[in-house]
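Here's a quick briefing to read alongside the model. Have the sequence and the 3D view open as you go.

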Amino acid sequence: GALLGARRDDTDVLDYDDADAADYTTTTTTDAAVSLALDATIELFNVGVWHDSRTANIIAAACFANSAKVMAKAVKFFVVADQQQQQQLRDAEEDAAFGGGGGIDVAAAAAAIASKKDSISGRLKELNRQNNHYSKKTRGRKRKLKQQIAGLQRSQQSMMDGGSGGVSRSNFPALELIHDPHVFAERLLSMVRKKATTMKFNVRLLVMHLISRLIGVHQLMVYDFYPYVQRFLQPHQPEITQLLAIVAQSVHADVHGGVLQPLVKCLCDNFVADRSRPEVMTVGINCVREICVRQPDAVDATLLSDLVLYQKHRDRGVATAARSLVNYYREARPELLPKSERGKTATMRLAAEKREAKAAARTAS
């Protein structure tokens, strides 16, 4: 088939132009044959026989096939199979560490066991020990302990995600092998726009998921993607949970805050409004927080001051989500918060930074 035939010449580099897409959509090849060849290519990639960049780019070119079935299968490979592949790699590492073919490699086994241990469990135990040191368990001490444990858990999750709220590149081996991810993402976005009337929504959702993952993994600047997704952000949307995850995944620190502010404002208008149900408001605020963790400039001071007011909402879930957003900005960008919400620590830090800046200016002059 065209897909398997493209794999024979290992010297050429597969790029994303119309000619390459045509190779996999030729009228002389039936959809069944192309689908069968794609299945074989994906299986060979997953088992490690053809686990290289050329195979990954062959499958990527199939994302532009004329056949909806072939196109959806290729897109789904990058969206779903990468997680399965990462799990297989972890299992293989464990088997190698514990001597799958013979004796146990003690050093490798110890490393494997250490990697599974909770890196913050010792600190959590120390907090509990300090708490047990007091004979009287006051409400303030319990609240402080809860906040410290939550902070440690957030730090642990951040390390698991590969950094400050970003997408870990090591979790998506196939996407890392794409030759030109920016062109690939742009072509996918152009395709999903052109086929808006003919492409099923669940297939469009898969394509948007792939574009979002490409942006997150490769730190791309595909600014036209955010206005496109924005039109689907409605509480009545059946797949709104996946759409919110797609939005959050596509945000990273290099995206300009001005590009994201209309998106966040749309979220607040559609979800965080007095007319909305409490559970909808909670989801909206939590999504805003996930975006802001990746790019704090996604909201301006005016919008943030409005969101701060929901700390006193009558629904507990809404109030908790708003407090979580405020607590993050106290650590990351306290200057965007109203002065009354910055907290003592953040206020002192800002004052110290101002004094240092004035001292530096006097020294320079």
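What follows is a short tour, from the overall picture down to a few single residues.

Keep in mind that this is a predicted model. The protein is built with 18 helices and 0 strands. It runs to 365 residues, and 42% of them count as buried.

**Overall picture**

- Take the contacts in the protein with a separation of 6 or more: 69% of them come from residues 24 or more positions apart.
- The accessible surface of the protein adds up to about 20,000 Å². Carbon and sulfur atoms account for 53% of that surface.

**Helix α4 and its neighbor α3**

- Helix α4 covers residues 53-61, and 8 of its 9 residues are buried, so the rest of the structure largely encloses it.
- If you want to click through the buried residues of α4, they are Arg54, Thr55, Ala56, Asn57, Ile58, Ile59, Ala60 and Ala61.
- Helix α3 (residues 31-47) packs with α4 at an angle of about 145°, and the two axes are 10 Å apart.
- The crossing of α3 past α4 is left-handed.
- On the α3 side, the contact is made by Leu38, Thr41, Ile42 and Phe45, while α4 brings in Thr55, Ala56 and Ile59.
- Sort the residues of that α3 with α4 contact by type and you get 5 nonpolar, 2 polar and no charged.
- The α4 residues in this contact, Thr55, Ala56 and Ile59, also appear among the buried residues of that helix.

**Cysteines**

- How many disulfides does the structure hold? The count is 0.
- Start with cysteine 287: the closest cysteine sulfur to its own is in cysteine 292, and at 9.4 Å that's too far for a bond. For a disulfide, the two sulfur atoms would have to be within 2.5 Å.
- Cysteine 287 is buried, with a relative accessible area of 6%.
- Cysteine 292, in turn, has its closest cysteine sulfur in cysteine 268, 8.4 Å away, and that is also too far for a bond.
- Cysteine 292 is buried too, at 0% relative accessibility.

**Two glutamines in loops**

- Glutamine 219 sits in the loop between α11 (201-218) and α12 (225-230).
- What is the phi of glutamine 219? It's near 55°, a positive value in a residue other than glycine.
- As background, most residues other than glycine have a negative phi.
- Glutamine 219 is partly exposed, with a relative accessible area of 33%.
- Glutamine 237 lies in the loop between α12 and α13 (240-249).
- Is glutamine 237 buried or exposed? Its relative accessible area is 16%, so it counts as buried, the cut-off being under 20%.
- Leaving aside residues up to four places away in sequence, glutamine 237 touches Phe201, Phe232 and Leu243.

**Threonine 302**

- Threonine 302 belongs to helix α16, which spans residues 301-308.
- With a relative accessible area of 56%, threonine 302 is exposed.
- Threonine 302 and leucine 336 are 34 residues apart in sequence, and their C-alpha atoms are 8.5 Å apart in space.

Methods
Residues are numbered from 1 along each chain as its sequence is written. This is a predicted model: local features need pLDDT of at least 70, side-chain atom pairs count only at pLDDT 80 or more; totals for chains, interfaces and linings use all residues. Side-chain values use heavy atoms; hydrogens and water are left out. Buried means under 20% relative accessible area, exposed over 50%, partly exposed in between (1.4 Å probe, protein chains only). Helices (H or I, at least four residues) and strands (E, at least two) are DSSP runs, numbered from the N terminus. Axes are lines fitted to C-alpha atoms, for helices over the stretch in contact, and angles run from 0 to 180 degrees between N-to-C directions. A crossing is left-handed if the near helix is turned anticlockwise from the far one by less than a right angle, and right-handed if clockwise. Contact means heavy atoms within 4.5 Å. Ala, Val, Leu, Ile, Met, Phe, Trp, Tyr, Cys and Pro count as nonpolar, Asp, Glu, Lys and Arg as charged, and the others, Gly among them, as polar. Accessible areas come from the Shrake-Rupley method with a 1.4 Å probe; for residues, only the protein chains shown count as cover.
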